[in-house]
Amino acid sequence: MTAPRSSGPALAVVGATGAVGSVLLQILSQRADVWGDIRLIASPRSAGRVLAVRGEETEVIALTEDAFDGFGKGDIVLFLTPAEVSARWAPVVTARGAVVVDQSAAFREDPEVPLVVPEVNGHAVRIRPRGIVAGPDCVTAAMIATLGALHAEYGLADLAVSSYQAASAAGRAGSEALRRQLSLVAGSTLGEQTGDVRRAVGEDTGPFAAPLALNVVPWSGELREGGWSSHELAVRAETRRILGLESLPIAVTCVQVPVVTGHSLTVRARFEREVDAGHAREILEAAPGVVLVDDPEAGEFPTPADAAGTDPAWVGRVRGSLDDSRSLEFFVCADNLRKGAALNATQISELIAGEFA
Ligand SMILES: NC(=O)c1ccc[n+]([C@@H]2O[C@H](COP(=O)([O-])OP(=O)(O)OC[C@H]3O[C@@H](n4cnc5c(N)ncnc54)[C@H](OP(=O)(O)O)[C@@H]3O)[C@@H](O)[C@H]2O)c1
């Protein structure tokens, strides 16, 4: 554990060893340092590991009650853990007076827990009756800044979204499964039949519902009524919540693609007012957290390979609908580990730290 080093609030990162946790430690080293003591916490499996944060070697400690000793009012604990771990331990932290920022699905639907993307509804962090603030799912996070900016101008009336989700959204297990499958496929002789991919990968498809290498898988989450997946319903509910549009019609289709990091989405948005694609581009260009790359003549549009490792949502292929003057089509990419999780959680934590400064 590191010694306290400044008068800033203490920060604990629970899940520091995970896919999101590792990126969060990089982000803490890159941004203005507003923190005092930084404590790294994970499961007992990782206790004793040493990780670098802010250029200091810091030992990981196991998640126990004692892990939060010294934490109280004005301090912040980030949960980058499975939902059941967040649900079990967040109340332990809030009982001590510290604020929880949770990146799991545990509290996203709780009306007493604000669901926050700072570029869109940063003001919401201040009202947190349970002492907990949640960040959204990585698919919601990838598109919400673009939608928030367009909604402010045109009034969002209807939304249809398809995701092209990276494997690391399923954590370390997801990216490891994709890498393993790609090496199995690369080492086998493939014909033109999908069955060859299934044979090469075998039964163990990791956290995915089918082989992901050289494939696309139109499924993530659990089955819900009507054939929807829990993930699709979550993106719908979260988008409505963050935009404050509780009855917005939204259709979501979640698809896993063989990309390690960087979610992509196609979005069809219908508005209350007529949309001009050129003006919409200007709005997107000026939107916080959004970068416009939209020059198809020059072959310029965003891809997840460009978005991975960067902070903003990259938007391109902005087109007015051919059939409906109130609709817009676009493509957006964002790093699921950064804006989809670690960066958003850091931004929320900085807003809260600012309250106590
Ligand atoms: N990956 C994304 O793109 C993404 C985006 C948005 C939200 N999220 C959410 O963020 C959370 C973390 O995701 P991830 O992708 O980083 O997952 P991950 O790679 O599987 O990492 C999970 C982290 O949680 C820790 N952990 C697991 N069980 C624990 C326990 N019983 N006690 C204490 N620590 C425990 C792990 O510690 P050990 O290493 O010691 O096992 C690890 O640090 C999840 O809720 C996920 O849904 C992820």
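Guide: A helix here is a DSSP run of H or I with at least four residues, a strand is an E run of at least two, and both are numbered from the N terminus. This is a predicted model, where local features need pLDDT of at least 70, side-chain atom pairs count only at pLDDT 80 or more, and totals for chains, interfaces and linings use all residues. Residues are numbered from 1 along each chain as its sequence is written, and side-chain values use heavy atoms, leaving out hydrogens and water.

Visitor: Which helices each supply at least two residues of the shell around the ligand?

Guide: They are α1, α5 (171-186) and α10 (338-356).

Visitor: How do you know that β3 and β4 pair?

Guide: Pairing takes at least two DSSP bridges between two strands. Four bridges join β3 to β4 (residues 56-62), so the two count as paired, and they run antiparallel.

Visitor: What makes β3 (50-53) and β7 (132-134) edge strands?

Guide: Each of them pairs on one side only. The open sheet has seven strands in the order β3-β4-β2-β1-β5-β6-β7, with mixed pairing.

Visitor: Why is the approach of the ligand to valine 20 called a polar contact?

Guide: A polar contact is a pair of N or O atoms within 3.5 Å (within protein, one must be able to donate a hydrogen and the other to accept it, and residues adjacent in sequence count only if both atoms are side-chain atoms). A ligand oxygen lies 2.8 Å from a polar backbone atom of valine 20, so the pair qualifies. Glycine 18 qualifies too, at 3.0 Å from a ligand oxygen to a polar backbone atom.
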